[in-house]
Amino acid sequence: DILLMTATPIPRTMELAAYGDMDISKISEKPKNRKEIITKSININKIDQLKESLTKILNKKQKIYWVCPLIDESEKLQLQSVNSRVNDLKEYYSSNNVGLVHGQMSQEEKNDVMSKFKDNKIDILVATSVIEVGIDDPDATVMIIENSERYGLSQLHQLRGRVGRGNKESFCILLFKSNLSKNAKKRIKILKGTNDGFKISEEDMKLRGYGDLLGFKQSGIQTFRLADPVLHEKLFFLAEKEIKRLEMNNYDLNKFLPLLKMYDRADILND
């Protein structure tokens with residue numbers, strides 16, 4: 001009766017499916033002639049070498065997205081802003097080559113910049129994460145994400161999906177600062193290892209949990225008495241199959257009540 005579709009499944013969505021009454025179908029094939037996006041991580045200290053290497057991309061008449069987490073500079077957060085980066089890139093490249101898009105601009109202003117990017121009047125588009133969905137330009141072949149350690153896996157995967165939409169080889173560059181946390185290192189390693197959104201979602205679930213299944217939280221670990229949906233995924237699908245068998249055969253479920261009561265009282269099961 002209801003078909004739910006997502007390009008980037010988040011852990012909570014995957015976990016809701018494990019609770020039954022929902023079948024999962026995966027479209028794992030890419031559209032014809034699309035190539036795998038090559039993902040690399042680069043320390044921010046090497047940004048000058050990166051800017052120099054991007055000249056080759058621009059000479060091929062290919063385009064670049066450059067994503068930053070902030071709009072303006074912040075004293076509290078030591079993160080890169082789009083306003084600062086756009087000025088830096090205009091100095092390094094021709095000022096006509098660089099455009100800017102962020103959430104505080106009007107829709108008309110954003111549309112104007114995006115049209116210029118699409119019409120090859122802008123070669124480098126500096127933006128916040130507002131471009132993570134709905135942008136389709138087959139000539140854009142490089143996605144650079146600054147402070148990539150501050151983004152979640154699903155969002156990094158969404159941003160990476162803005163490139164590789166044509167038949168040209170495409171790249172995603174994850175710029176990071178030194179002293180990465182353990183989880184940040186894991187996220188970057190996972191993204192470099194696969195382009196598969198389902199695999200990324202599963203790894204994301206292991207890292208940050210799946211949140212509140214009956215509420216709105218999209219992360220955090222729940223405590224289970226008998227089985228954990230992440231560690232015992234196959235057991236959950238087996239349980240779903242068994243429930244359907246019982247329903248089809250009109251079993252008297254009352255006979256299972258003593259068993260359920262025993263589970264409720266048996267704290268020893270936690271051990």
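The following numbered points describe a predicted model of a single chain.

1. Overall make-up. The secondary structure of the chain comprises 9 helices and 6 strands. Of the 271 residues in the chain, 42% are buried. Contacts also link distant parts of the sequence: among those between residues at least 6 apart, 69% join residues at least 24 apart.

2. The largest nonpolar core. This core contains 30 residues. The residues with the most contacts inside it are Tyr-65, Leu-125, Ile-131, Met-143, Ile-145, Leu-159 and Leu-174. Both strands and helices supply it: the elements giving two or more residues are β2 (63-67), α4 (107-118), β4 (124-127), β5 (140-145), α5 (153-160), β6 (171-176) and α6. Helix α6 gives the most, with 4 residues.

3. Leu-159 within that core. Leu-159 is among the residues with the most contacts inside the core. Leaving aside residues up to four places away in sequence, Leu-159 touches Val-67, Ser-129, Ile-131, Glu-132, Met-143, Ile-145 and Tyr-151. Two of these neighbours, Met-143 and Ile-145, lie in the range of strand β5 (140-145).

4. Another core. Apart from the largest core lies another, of 22 residues. Its members include Ile-71, Val-82, Leu-100 and Val-126.

5. The tilted aromatic pair. The structure holds 2 aromatic pairs. One of them is formed by Tyr-65 and Phe-117, whose ring centres are 5.2 Å apart and whose planes make an angle of 45°, a tilted arrangement. Tyr-65 belongs to strand β2 and Phe-117 to helix α4, so the pair ties together parts of the chain that are 52 residues apart in sequence. Both Tyr-65 and Phe-117 are buried.

6. The edge-to-face pair. The rings of Tyr-92 and Tyr-93 have centres 4.9 Å apart, and their planes stand at 70°, so this pair counts as edge-to-face. The two residues differ in exposure: Tyr-92 is partly exposed, with a relative accessible area of 40%, whereas Tyr-93 is buried, at 9%.

7. Thr-194 in a loop. Thr-194 lies in the loop between α6 (182-193) and α7 (197-208). Is this loop residue buried or exposed? Its relative accessibility is 17%, so Thr-194 counts as buried, the cut-off being under 20%. The side chain of Thr-194 reaches the backbone nitrogen of Asp-196 at 3.0 Å. Not counting residues up to four places away in sequence, Thr-194 touches Arg-160, Lys-199 and Ile-200. Of these, Arg-160 falls in the range of α5 (153-160), while Lys-199 and Ile-200 fall in that of α7 (197-208).

8. Helix α8 and its two sides. Helix α8 covers residues 233-248, which is 16 residues. From its first C-alpha to its last it reaches 23 Å, close to the 22 Å expected at 1.5 Å a residue. Where do its buried residues lie around the axis? Phe-236, Glu-240 and Leu-246 are buried in α8. Viewed down the axis, the buried residues of α8 fall within an arc of 125°, so they line one face of the helix. On the other side of α8, Lys-234, Leu-238, Lys-241 and Met-248 are exposed.

9. After helix α8. Asn-250 follows α8. The phi angle of Asn-250 is positive, near 50°.

Notes. Residues are numbered from 1 along each chain as its sequence is written. This is a predicted model: local features need pLDDT of at least 70, side-chain atom pairs count only at pLDDT 80 or more; totals for chains, interfaces and linings use all residues. Side-chain values use heavy atoms; hydrogens and water are left out. The expected span of a helix is 1.5 Å times one less than its number of residues. Buried means under 20% relative accessible area, exposed over 50%, partly exposed in between (1.4 Å probe, protein chains only). The arc is that of the directions from the helix axis to the C-beta atoms. A polar contact is a pair of N or O atoms within 3.5 Å; within protein, one must be able to donate a hydrogen and the other to accept it, and residues adjacent in sequence count only if both atoms are side-chain atoms. Contact means heavy atoms within 4.5 Å. A nonpolar core is a set of buried Ala, Val, Leu, Ile, Met, Phe, Trp, Tyr and Cys residues joined through side-chain atoms within 4.5 Å. Rings of Phe, Tyr and Trp (its six-membered ring) pair if their centres lie within 6.5 Å; planes under 30 degrees apart count as stacked, over 60 as edge-to-face and the rest as tilted.
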